[in-house]
Amino acid sequence: MKYNSVLVDLGNTLVGFKPPFYEKVYHVMRDNGYDVDLRSVFRAYAKAMGEVNYPNDEGFETVDPRDFLFFLGVYPTQRLIKELNEADIRDGEAFLYDDAIDFLEGVRAHGYKLALVSNASPGVKGILHKFDLEKYFDALALSFEVRAVKPNPKIFGFALKRTGYPAVHVGDIYEIDWVGAKRSYVDPVLLDRYDFYLEIRDKARDLKEALRKIEESKD
């Protein structure tokens with residue numbers, strides 16, 4: 001199947017962060033005496049993110065700490081909820097992954113339309129400018145503008161009106177990228193750079209592999 005368009009996530013897909021949000025959550029849990037590992041924290045937080053379909057005033061999904069703790073298997077004490085709510089768990093300093101530009105240029109070279117689909121605040125525009133990324137995209141579907149967050153199909157639909165079906169979406173969080181794409185009749189490619197999804201075999205380890213999967217779909 002040949003795609004007309006490629007949709008791609010931004011955070012931890014094209015651009016990484018030091019530290020990422022889930023490391024900050026992990027440290028809150030460890031500082032409170034909970035013996036948890038980073039993978040479990042990420043997976044629990046990702047599941048909680050998948051419960052949200054609309055953004056807060058800044059454009060982000062607002063995760064209820066109680067949902068996160070439920071998926072982590074930890075009882076939600078008032079103290080822990082308070083500390084999670086008050087913690088600064090936004091992503092840290094942005095950096096561009098080494099394979100990002102090759103992926104974007106490869107998508108364009110193969111003739112696909114390209115859209116960015118991202119749960120993001122207005123600050124994302126600064127990141128796009130910093131790394132000179134906006135020039136690659138035919139459309140930007142940003143949650144603070146669309147007023148919907150992945151996995152809500154509305155944000156995918158916003159991009160697809162400008163790029164068209166059939167489409168494939170590349171993103172790093174199963175619960176919002178893979179599920180959101182499926183809800184929108186878009187083929188998903190899960191990008192798992194850090195082996196967080198050990199049980200999922202059909203995935204890409206990096207963007208080179210993601211691009212290869214997209215190209216193989218034409219056969």
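**Notebook: cavity, cores and odd backbone spots**

I started with the cavity lining: Asn 12, Tyr 22, Phe 42, Asp 172, Leu 191, Asp 192, Arg 193, Tyr 194 and Phe 196 surround the largest cavity. I keep in mind that this is a predicted model. By class, I get five nonpolar, one polar and three charged residues in that lining. I looked up the volume as well, and about 70 Å³ of space lies in the largest cavity. How many cavities of 30 Å³ or more does the structure hold? I find one.

**Asn 12**

Asn 12 was on the lining list, so I checked its backbone. Phi is positive, about 65°, although Asn 12 is not a glycine. I place Asn 12 in the loop between β1 and β2. Buried or exposed? Asn 12 counts as buried, because its relative accessibility is 7% and the cut-off for buried is under 20%.

**Phe 21**

Next I looked at Phe 21, since Asn 12 is among the residues that Phe 21 touches. Leaving out residues up to four places away in sequence, the others I list for Phe 21 are Tyr 45, Met 49, Ile 89 and Asp 91. Phe 21 sits in helix α1, residues 21-31. Its relative accessible area is 10%, so I log Phe 21 as buried. I also took a C-alpha separation: Phe 21 and Ala 46 are 25 residues apart along the chain, and 11 Å lies between their C-alpha atoms.

**Nonpolar cores**

I then turned to the largest nonpolar core, which has 36 residues. Which residues have the most contacts inside it? They are Leu 14, Phe 103 and Phe 137. I went through the elements that give two or more residues to this core: strands β1 (5-8), β2 (15-18), β4 (113-118), β5 (139-142) and β6 (167-171), together with helices α5 (100-109), α6 (124-130) and α10 (207-216). There is a second, separate core of 29 residues, and I note Ala 44, Leu 72, Ile 173 and Ile 200 among its members. In soluble globular proteins, nonpolar side chains tend to be buried together.

I looked up the contacts of Phe 103 too. Not counting residues up to four places away in sequence, Phe 103 touches Val 6, Val 8, Leu 14, Val 170, Leu 207, Ala 210, Leu 211 and Ile 214.

**Helix α8**

Which residues of α8 (residues 153-163) are buried? I list Ile 155, Phe 156, Ala 159, Leu 160 and Thr 163. These cover an arc of only 135° around the axis, so they are on the same side of α8. An α-helix has 3.6 residues a turn, so residues three or four places apart point the same way. I then checked what the buried residues of α8 pack against, and found β1, β4, β5, α7 (143-146), β6 and α9 (174-183).

**Backbone oddities**

Most residues other than glycine have a negative phi, and most peptide bonds are trans. I searched for exceptions. A cis peptide bond joins Lys 18 and Pro 19, with omega about -5°. I find Pro 19 in the loop between β2 and α1. Another cis peptide bond joins Lys 150 and Pro 151, where omega is about 20°. Pro 151 belongs to the loop between α7 and α8.

My last stop was Asp 195, a residue other than glycine with a positive phi, near 55°. Asp 195 is in the loop between β7 (187-190) and α10. I have Asp 195 as partly exposed, because its relative accessible area is 32%.

Technical notes. Residues numbered from 1 in each chain as written. Predicted model: local features only at pLDDT ≥ 70, side-chain atom pairs only at ≥ 80, totals over all residues. Heavy atoms only, no water. 1 Å grid on protein atoms, 1.4 Å probe; cavity = no way out; pocket = protein on both sides within 12 Å on 5 of 7 lines; lining within 4 Å. Points joined across faces, edges and corners; volume = space filled by probe spheres on them. Nonpolar A, V, L, I, M, F, W, Y, C, P; charged D, E, K, R; others polar. Core = buried A, V, L, I, M, F, W, Y, C linked by side-chain atoms within 4.5 Å. Buried < 20%, exposed > 50% of the residue type's maximum accessible area, 1.4 Å probe, protein only. Helix = DSSP H or I, 4+ residues; strand = E, 2+ residues; numbered from the N terminus. Contact = heavy atoms within 4.5 Å. Arc of directions from axis to C-beta.
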